[in-house]
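Subject: Structure handover, salt bridges

Hello,

As agreed, I am passing the structure on to you. Please look through it before reading the notes under it.

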Amino acid sequence: MAMIRIGGTEFGFDEAGSGPVVVLVHAGCADRRMWDHQFRTLSEKYRVIRYDWRGYGESGDATGEFAHHEDLLALLDAFEVDRAVLVGGSDGGKIPLDAALTAPELDFLATL
């Protein structure tokens, strides 16, 4: 179990592979494990990062005011990622879109 502290909250995450970065953002009815197959397959050619939202999986509780896309941007900053393909499923699809719109100076491709 890998954890990273961002803004006072512990986030569970996985990282594997090397090369261009792909970030997987889970759906609201799941956690990062929903990407198990894609994570393993993509990590053969790419650096793949997946994480649990606040209050999901192994991440800390969702308390106080926060925005999921800001958590994603802070996570990417902690991993020194300024260029990535952001992939989201279902409710998780809006998080990459919001991140890409919030930080247009970064080189993100958001996809659903």
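The notes below deal with the salt bridges in this model, which is predicted.

In total, 10 salt bridges were counted. Three of the pairs are described here one by one, followed by a network.

D14 and R32 form a salt bridge, with 2.7 Å between the closest N and O atoms. D14 sits in strand β2 (residues 9-16), while R32 is in the loop between β3 (21-25) and α1 (36-42); the two are 18 residues apart, so the pair links distant parts of the chain. R32 has a relative accessibility of 6% and counts as buried, the cut-off for that being under 20%.

Strand β2 also supplies E15, whose partner R47 lies in strand β4 (residues 47-51), 32 residues apart from it. Their side chains meet in a salt bridge at 2.6 Å, N to O. How exposed or buried are the two partners, E15 and R47? E15 is partly exposed at 36% relative accessibility, whereas R47 is buried at 18%.

The third pair is R54 with D71, a salt bridge of 2.7 Å from N to O. R54 belongs to the loop between β4 and α2 (68-78) and D71 to helix α2, so this contact ties together parts 17 residues apart in sequence. R54 is buried, its relative accessible area being 10%. D71 is buried as well, with a value of 6%.

Finally, the network: salt bridges link D14, R32, D36, R50, D52 and E58. The D14 and R32 pair described above is thus part of that network.

Regards

How values were computed:
Residues numbered from 1 in each chain as written. Predicted model: local features only at pLDDT ≥ 70, side-chain atom pairs only at ≥ 80, totals over all residues. Heavy atoms only, no water. Salt bridge = Lys/Arg side-chain N within 4 Å of Asp/Glu carboxyl O. Helix = DSSP H or I, 4+ residues; strand = E, 2+ residues; numbered from the N terminus. Buried < 20%, exposed > 50% of the residue type's maximum accessible area, 1.4 Å probe, protein only.
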